[in-house]
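The exercises below are to be worked with the sequence and the three-dimensional structure at hand. Each task is followed by a solution in steps.

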Amino acid sequence: MSRKSENKTEIAAASVPQRLTVFGPPLLLEGEDAAAYDELLARMCAAVKLVDVIDEMLIAEIVALEWEVLRWRRVKRTLIQEDILRALRNFLVGQFESNYALHKKHFKRYLAELLRNNLPTEQADSAETLAAECAPHTDEANEKLDEVLGSIGLEMDTVLDDARAAKAKELVQEYVRGKQAAVTLVHKLLADAGASMDTFIAKALRDKIDDIERIDRLATVAESRRNACLREIDRRRADLGQTLRRSVQEIDGELVKPPPAE
């Protein structure tokens, strides 16, 4: 955890009443951000200004439910994103298959590494040279490639498929990270094919619509329970306000009451 995250956690922890620990640690899933949860809890406590243990119980429930809502939103995004990226990878594999020049350099590197790891030790030093001779994708080079791969028990078509899949995966990862060269290439290939990312998004939504609806229903349940807790806090504040007003009125009445006659 970075020092910045540690500072946020320390600040959040300092803002949360220690007695809230009676409700136990947050039920986080692997990989979820404990510091973000603590910050949410601290901000909720600061906003509500806890009065008693009932408030503490309601706040603990509200924060857990809000975290659940956020979790369902992340799950839905991940579910859709996985399908979109899978469709993009398959599209890129098809582009590489029809246009060898798009991944020629990558195939040469891929083949050199493959040969280095599979050739006998005394031939491993020649992996780069063999890869350079086999990579041009001419009839002569393909014949040599088939011969070299056959000598180590591999098939040319399988190796080419694996290389294209590896390059597509690499390009998608760079695209997701926003690497400019990858973004430019992907958009160009999509435009040339008369497609767009919207095409993949629409397909992902169509294929996952049942799952999305189920996730939305679960999120709605959590939101309804969260909102009920918030309304209960509002109700308790209103009741507290009325009680305080009655007490003030009674005190005022006592103060203005004339002294008893002697």
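**Exercise 1. The contact of α4 with α5**

Which residues in α4 meet which residues in α5?

Solution. The model is predicted, local features require pLDDT of at least 70, side-chain atom pairs count only at pLDDT 80 or more, and totals for chains, interfaces and linings use all residues. Residues are numbered from 1 along each chain as its sequence is written, and side-chain values use heavy atoms, with hydrogens and water left out.

Step 1. With contact taken as heavy atoms within 4.5 Å, the α4 side consists of K108, L111, A112, L115 and R116. On the α5 side, the partners are A127, E128, L130, A131, A132 and C134.

Step 2. Sorted by class, this contact holds eight nonpolar, no polar and three charged residues. Here Ala, Val, Leu, Ile, Met, Phe, Trp, Tyr, Cys and Pro count as nonpolar, Asp, Glu, Lys and Arg as charged, and the others, Gly among them, as polar.

Step 3. Helix α5 spans residues 127–134, and its axis comes within 8 Å of that of α4, the two crossing at roughly 135 degrees. Axes are lines fitted to C-alpha atoms, for helices over the stretch in contact, and angles run from 0 to 180 degrees between N-to-C directions. The pair is therefore oblique; angles under 35 degrees count as roughly parallel, over 145 as roughly antiparallel, 65 to 115 as roughly perpendicular and the rest as oblique. The crossing is right-handed, a term for the near helix being turned clockwise from the far one by less than a right angle (anticlockwise for left-handed).

**Exercise 2. The contact of α4 with α7**

Describe how α4 packs against α7, beginning with the axes and ending with the residues.

Solution. Step 1. Helix α4 (residues 104–118) and helix α7 (residues 156–176) have axes 10 Å apart, at an angle of about 120 degrees. The two helices are therefore oblique to each other, and α4 passes α7 in a right-handed crossing.

Step 2. From α4, the contact draws on H106, F107, Y110 and L114. From α7, it draws on V159, L160, D162, A163, A166, K167 and E170. By class, these residues are seven nonpolar, one polar and three charged.

**Exercise 3. R164 in α7**

Is R164 buried or exposed, and what does R164 contact?

Solution. Step 1. R164 is placed in helix α7. Its relative accessibility is 9%, so R164 is buried; the classes are buried under 20% relative accessible area, exposed over 50% and partly exposed in between (1.4 Å probe, protein chains only).

Step 2. The side chains of R164 and D161 are joined by a polar contact of 2.7 Å. Such a contact is a pair of N or O atoms within 3.5 Å; within protein, one must be able to donate a hydrogen and the other to accept it, and residues adjacent in sequence count only if both atoms are side-chain atoms.

Step 3. With neighbours within four places in sequence set aside, R164 is in contact with V93, F96, E97 and H103.

**Exercise 4. Two leucines in α8**

Place L185 and L189 in the structure and list their contacts.

Solution. Step 1. L185 belongs to helix α8 (residues 180–192), and L189 also lies in helix α8. L185 is partly exposed at 26% relative accessibility, whereas L189 is buried at 6%.

Step 2. Not counting residues up to four places away in sequence, L185 touches L102 and L171. Under the exclusion of neighbours within four places, L189 contacts F91, L92, Q95 and L102.

Step 3. The C-alpha atoms of L189 and L92 are 8.2 Å apart, with these positions 97 residues apart along the chain.

**Exercise 5. Positive phi values**

In which loop does K49 lie, and in which loop does H137 lie?

Solution. Step 1. K49 is in the loop between α2 (34–48) and α3 (53–98), and H137 is in the loop between α5 and α6 (139–151).

Step 2. Phi is near 55 degrees for K49 and near 65 degrees for H137. Most residues other than glycine have a negative phi.

Step 3. K49 is exposed, with a relative accessible area of 60%, while H137 is partly exposed at 38% relative accessibility.

**Exercise 6. The chain as a whole**

How many helices and strands does the chain have?

Solution. The chain has ten helices and zero strands, where helices (H or I, at least four residues) and strands (E, at least two) are DSSP runs numbered from the N terminus. Of the 262 residues, 32% are buried.
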